Amino acid sequence: MADLRFERLNTGSDALGESPVWNALSQSLWWIDGVAGKVRELRADGTVQTLQVTGHVGAIALVEGNGIVATIDQRVFWLDPETKAERLLVEITDAPEAMRLNDGKLDRQGRFVCIGMGRGGEPVGDIHGFGKARHRVLAETGVMIGNGICFSPDGGTLYFTDTRARTSFAADYHTETGDVGAIRPHIDCTALGSGIDGATVDAAGNMWAVLIHTGEIGCFASDGRVIHRTRAPVDYPSSLAFGGAGMDVLYMTSIRDSGTGRVVSKSPDGGGLFSTRDHGARGIEEACFQGMMD
């Protein structure tokens, strides 16, 4: 497959762009600048609004009706885009101090599933679930840098990755209960020369994933086979989401400076937000958060 043709969108530059999610109701794209504590929205009219919070934002998801749910360090907040109000929903009090919540997505039923990471790469990243039963640890995975949370189209398979270990995993996911079954290796990324950062799944069940160390986007079949790899327009792409009226636009966030000194872009467009229709796939509309709002 030829390299995808990306367009840079007029949204400025993020230090650590991550966690893009499409809102089909408002036809807008939400994403974060994690290290800067910004939650951002590219509206249908091309304007951008930014919500400023205190702390490192790991991931966001849509809330039914109005708002955004966001992980900030070891806490989960509800954010109101209209009033800029914040409400603490839950705080994890029994996790190691070195852990912060990193990547996350809603399952197909609207539970917020997040994976942790060690602030210094410690193996303390477990999978956490936030829903009507409040917070619970779904799987003690002990990853160093948890990323790549996404679900198969039917919701029955959960994917995640340890970026530092360069391994992607899959697990049976029980949609009725939110329980995680046995975890199995899915993709050995060592031969690809890169770990996976953010990822999403298209309507055909293929996983689109950022290969952060090689500046590429990979498309993987449900059995883990590489379908194709393509160059990203920057050296450090970070995450992906499908959106647009037909769910046929692929959005990509990127990194200018992760704040750790380990990931600093040399690309003039590093930290930009990009889109492409040059891929032939369609995404799946994300669910809305169903828990902890009463």
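1. Secondary structure. The chain has 24 strands and zero helices. The model is a predicted one, so every value below is computed from predicted coordinates.

2. Overall dimensions. The chain has 294 residues and a radius of gyration of 17 Å. A compact globule with 294 residues would come out near 19 Å, so the chain agrees with that expectation. Along the principal axes, the C-alpha trace spans about 45 × 45 × 35 Å. Buried residues make up 59% of the 294.

3. Main core. The largest nonpolar core has 27 residues. Within this core, Trp 208, Leu 240 and Met 252 touch the most other members. Five strands give two or more residues each: E3 (28-33), E19 (207-211), E20 (216-220), E22 (237-243) and E23 (249-254). E23 gives the most, with four residues.

4. Second core. A separate core holds 18 residues. Among them are Val 69, Leu 89, Met 99 and Leu 101.

5. Aromatic pairs. There are seven in the structure. Take Phe 112 and Phe 289: the ring centres lie 6.3 Å apart and the planes meet at 70°. An edge-to-face pair needs planes over 60 degrees apart, so Phe 112 and Phe 289 count as edge-to-face. This pair joins distant parts of the chain, with the two positions 177 residues apart. Phe 112 sits in strand E11 (residues 112-118), whereas Phe 289 belongs to the segment after strand E24 (274-276).

6. Burial of that pair. Both rings belong to buried residues. Phe 112 has 0% relative accessibility. Phe 289 has a relative accessible area of 2%. The cut-off for buried is under 20%, so Phe 112 qualifies, and so does Phe 289. Phe 112 and Phe 289 also join Phe 130 in one aromatic cluster.

7. A stacked pair. Phe 160 and Phe 169 offer another geometry. Their ring centres are 5.2 Å apart and their planes are at 20°. Planes under 30 degrees apart count as stacked, so this pair is stacked. Phe 160 is buried, at 1% relative accessibility.

8. Largest cavity. The structure has two cavities of 30 Å³ or more. The largest has a volume of about 150 Å³. Its lining has 21 residues, and Pro 20, Val 21, Lys 105, Ala 241 and Glu 286 are the closest to the centre. At least two lining residues each come from E2 (17-23), E6 (57-62), E10 (99-106), E18 (196-201) and E22. By class, the lining of this cavity is 13 nonpolar, five polar and three charged.

9. Second cavity. The second largest cavity has a volume of about 60 Å³. Its lining consists of Lys 105, Leu 106, Arg 108, Cys 150, Phe 151, Thr 200, Val 201, Ile 284 and Glu 286. E10, E14 (146-151) and E18 each supply at least two of the lining residues. The classes are five nonpolar, one polar and three charged. Note the overlap: Lys 105 and Glu 286 line both cavities.

10. Largest pocket. The largest pocket holds about 570 Å³ of space. Its lining has 28 residues, with Met 117, Ile 145, Ser 258, Arg 262 and Val 263 nearest the centre. E2, E6 and E10 each give at least two residues to this lining. E10 has the largest share, three residues. The lining has ten nonpolar, ten polar and eight charged residues.

11. Second pocket. The second largest pocket has a volume of about 370 Å³. It is lined by 21 residues, and the closest to its centre are Asn 23, Leu 25, Ser 26, Gly 65 and Asn 66. The lining divides into nine nonpolar, six polar and six charged residues.

12. Shared elements. E10 deserves a look across these spaces. This strand supplies at least two lining residues to the largest cavity, to the second largest cavity and to the largest pocket. E22 links two other topics: this strand gives two or more residues to the largest nonpolar core and at least two to the lining of the largest cavity.

Note on methods
Residues are numbered from 1 along each chain as its sequence is written. This is a predicted model: local features need pLDDT of at least 70, side-chain atom pairs count only at pLDDT 80 or more; totals for chains, interfaces and linings use all residues. Side-chain values use heavy atoms; hydrogens and water are left out. A nonpolar core is a set of buried Ala, Val, Leu, Ile, Met, Phe, Trp, Tyr and Cys residues joined through side-chain atoms within 4.5 Å. Buried means under 20% relative accessible area, exposed over 50%, partly exposed in between (1.4 Å probe, protein chains only). Rings of Phe, Tyr and Trp (its six-membered ring) pair if their centres lie within 6.5 Å; planes under 30 degrees apart count as stacked, over 60 as edge-to-face and the rest as tilted. On a 1 Å grid over the protein atoms alone, a cavity is a set of points where a 1.4 Å probe fits but cannot get out, and a pocket is an open set with protein on both sides within 12 Å along at least five of seven lines; lining residues have an atom within 4 Å of a point. Grid points are joined across faces, edges and corners, and a volume is the space filled by probe spheres set on the points. Ala, Val, Leu, Ile, Met, Phe, Trp, Tyr, Cys and Pro count as nonpolar, Asp, Glu, Lys and Arg as charged, and the others, Gly among them, as polar. The radius of gyration is taken over C-alpha atoms; the globule rule is 2.2 Å times the number of residues to the power 0.38.
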